[in-house]
Amino acid sequence: MFTCVLDPKSRVTLCDQLYDALKEEIGRTAMGTRMPSKRQLAEHLHVSTATVEAAYGRLISEGLCESRPRSGIFVTAQADLVRTARTENEQPIRWDFGTGAADAAHFPYATWARLMREVLSEQNTEFLLLGDPQGAANLREEIAGLLHRLRGIDVPPEAIVLGAGTESLAAALVPLIGREKLFAVEDPGYSRVRRILVSGGVRIAPTPLYQGAIDVRALYMSGAGAAYVTPSHQFPTGKEMHMEQREALLRWAGETGGYILEDDYDSEFHFSGVCEPALRAMDTGGQVIYMNTFSRTLAPGLRLSFMVLPEALIGRYRMMHATCSVPGFEQETLRKFIAGGYLERHIARMRVVYRSRLQVLEKTAQALRLGEVAPCSAGLHVLLNVSGTVPAQELVPLAAQAGVRLMRLCDYGVMRGKQDERVVLLGFSGMDEAAIQEGLEALKRAWF
């Protein structure tokens, strides 16, 4: 199901907002694709069918869609022009302040290549077979030890499940927990997981934040049966869930029987202060599903993630899945990498690298008077409240014209807040210090 953010308080009508969002989506959609029905889309976005019908009417009149009797609305060949025009108007990105990058220059290429050659030279035919649906047992043992050392979480290897990315694990959790359950998600929050849940056929409850964490009072009121949260470093605000909030969230799970999906995606990069324990380490009722990824510590392209299931869900997972989505050769390479101590040394090295980049970003933004940078003690992005008089809605387009990629905080929310319109995210993991300075100088020229 197509999902977009509509602001009922905006001066732009809901119809115009929906038209723009649908047109953008069509630019990414193959010809002949069937669009959501008017009724389904209206119910999903909580708008009237008249609003949806008007937006579709404009797209049909422009030849981007066509209505087929008793079949629905489909994307036409004319949509190729949207893709072509958008590509021609895009400027090359020279400075990427996106939040999903990892430093490619510091990837341990030599060590990873050597270990991969070792795996291939062993000629173990087991790596060519489908293997265990949860992943190789010896790799899960290494991950269990890693969790104990880095996060103080003691779990049996039998509870660990490997997957090709956090999104694939989130998709696997939908039928495991139950499509009939209402899934609460942080608002603002991680939009990719939100889309995965919606595409999996579940209803979501965008839940506001309170003091930087999901509002547990709103969670009780929502009637949700599961809650996806990022407590160690809330995405995208960067706040950390305090101990009282963690205890309240665990009480909610215990009292309602709801599951907590804890995404601990970049907890390895904590630069100052004490990192609060993971919810899984505090869980005594078997209600927390812990999720983490090697995308931030190694590289997103490796697509290596894992989750820790409560005992009650392990048997059900094995009944529903026959294979693991991570190839056997990559699993064994990762096992050797962890067992040899290379991963923890790499994380320690990258903490130093990223701390230096964070300091350069903060000092440069202050010197250029771009705005106020929120304090950052963990994670790989900061929030910048942009000063000046440039309209909030022009911040991202002007940056793109200057060759800079970034996002506004309000773009990650379902219910947009006016107070976040001038706040942008600046990821610093994908560029070195010199590039960070150049990118901020380009923003200075673009915005002032």
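**Exercise 1. Cis peptide bonds**

In which loop does Pro236 lie? Place the cis bonds of this predicted model.

*Solution.*
Step 1. Locate Pro236. The loop between β8 (226-229) and α10 (243-256) holds this proline.
Step 2. Check the bond before Pro236. Phe235 and Pro236 are joined by a cis peptide bond, with omega about 15°.
Step 3. Turn to Pro188. A cis peptide bond links Asp187 to Pro188, and omega is about 5° there.
Step 4. Place Pro188. Its loop runs between β5 (182-187) and α8.

**Exercise 2. Positive phi**

Find the loops that hold Gln123 and Gln211, and give the phi of Gln123 and of Gln211. Is Gln123 buried or exposed?

*Solution.*
Step 1. Take Gln123. Phi is near 50°, a positive value in a residue other than glycine.
Step 2. Place Gln123 on the chain. The loop between α5 (109-121) and α6 (137-151) contains Gln123.
Step 3. Apply the cut-off. Exposed means over 50% relative accessible area. Gln123 has 67% relative accessibility, so Gln123 counts as exposed.
Step 4. Repeat for Gln211. Phi is near 55°, again positive in a residue other than glycine. Gln211 sits in the loop between β6 and β7 (213-214). With a relative accessible area of 52%, Gln211 is exposed.

**Exercise 3. The sheet and its helices**

Trace the strand order of the eight-stranded sheet. Which strands stand at the edges? Which strands does α7 touch?

*Solution.*
Step 1. Write the order. The sheet is open, and its eight strands run β4-β11-β10-β9-β8-β5-β6-β7. Pairing is mixed.
Step 2. Read off the edges. β4 (160-163) and β7 each have a single partner strand, so one side of each lacks a neighbour in the sheet.
Step 3. Look at one pair. β5 and β8 run parallel and are joined by three bridges. Phe183 has Ala226 in β8 as its bridge partner.
Step 4. Add α7. This helix packs on the sheet and touches β4, β5, β8, β9 (259-263), β10 (288-293) and β11 (305-308). The direction of α7 makes about 160° with that of β10.
Step 5. Add α8. This helix also packs on the sheet, in contact with β5, β6 and β8. Its direction makes about 160° with that of β5.

**Exercise 4. Two buried residues**

Describe the surroundings of Thr166 and Trp252. Is Thr166 buried or exposed?

*Solution.*
Step 1. Assign Thr166. It is found in helix α7 (residues 166-177).
Step 2. Classify Thr166. Buried means under 20% relative accessible area. Thr166 has 9%, so Thr166 is buried.
Step 3. List the contacts of Thr166. Residues up to four places away in sequence aside, Thr166 touches Asp263, Met291, Thr293 and Ser305.
Step 4. Assign Trp252. Helix α10 holds this residue. Its relative accessible area is 1%, so Trp252 is buried.
Step 5. List the contacts of Trp252. Neighbours within four places in sequence are left aside. Among the contacts are Val216, Leu219, Tyr220, Ala226, Tyr259 and Ile260.
Step 6. Add a distance. Trp252 and Gly178 stand 74 residues apart along the chain, and 18 Å separates their C-alpha atoms.

**Exercise 5. A pocket and a cavity**

How many residues line the second largest pocket? Which residues line the largest cavity?

*Solution.*
Step 1. Start with volume. The second largest pocket has about 620 Å³.
Step 2. Count its lining. There are 22 residues, and Glu43, His44, Leu45, His46 and Ile204 lie nearest the centre.
Step 3. Name the elements. α2 (38-45), α8 (191-199) and β6 (203-210) each give two or more residues to this lining. The largest share, four residues, is from α2.
Step 4. Sort by character. The pocket lining holds 14 nonpolar, five polar and three charged residues.
Step 5. Search for cavities. One cavity of 30 Å³ or more is found in the whole structure. The largest cavity has a volume of about 30 Å³.
Step 6. Name the cavity lining. Val185, Glu186, Gly189, Tyr190, Arg194 and Tyr228 form the lining. Three of these residues are nonpolar, one is polar and two are charged.

Methods: Residues are numbered from 1 along each chain as its sequence is written. This is a predicted model: local features need pLDDT of at least 70, side-chain atom pairs count only at pLDDT 80 or more; totals for chains, interfaces and linings use all residues. Side-chain values use heavy atoms; hydrogens and water are left out. On a 1 Å grid over the protein atoms alone, a cavity is a set of points where a 1.4 Å probe fits but cannot get out, and a pocket is an open set with protein on both sides within 12 Å along at least five of seven lines; lining residues have an atom within 4 Å of a point. Grid points are joined across faces, edges and corners, and a volume is the space filled by probe spheres set on the points. Ala, Val, Leu, Ile, Met, Phe, Trp, Tyr, Cys and Pro count as nonpolar, Asp, Glu, Lys and Arg as charged, and the others, Gly among them, as polar. Buried means under 20% relative accessible area, exposed over 50%, partly exposed in between (1.4 Å probe, protein chains only). Contact means heavy atoms within 4.5 Å. Two strands pair if DSSP finds at least two bridges between them. Axes are lines fitted to C-alpha atoms, for helices over the stretch in contact, and angles run from 0 to 180 degrees between N-to-C directions.
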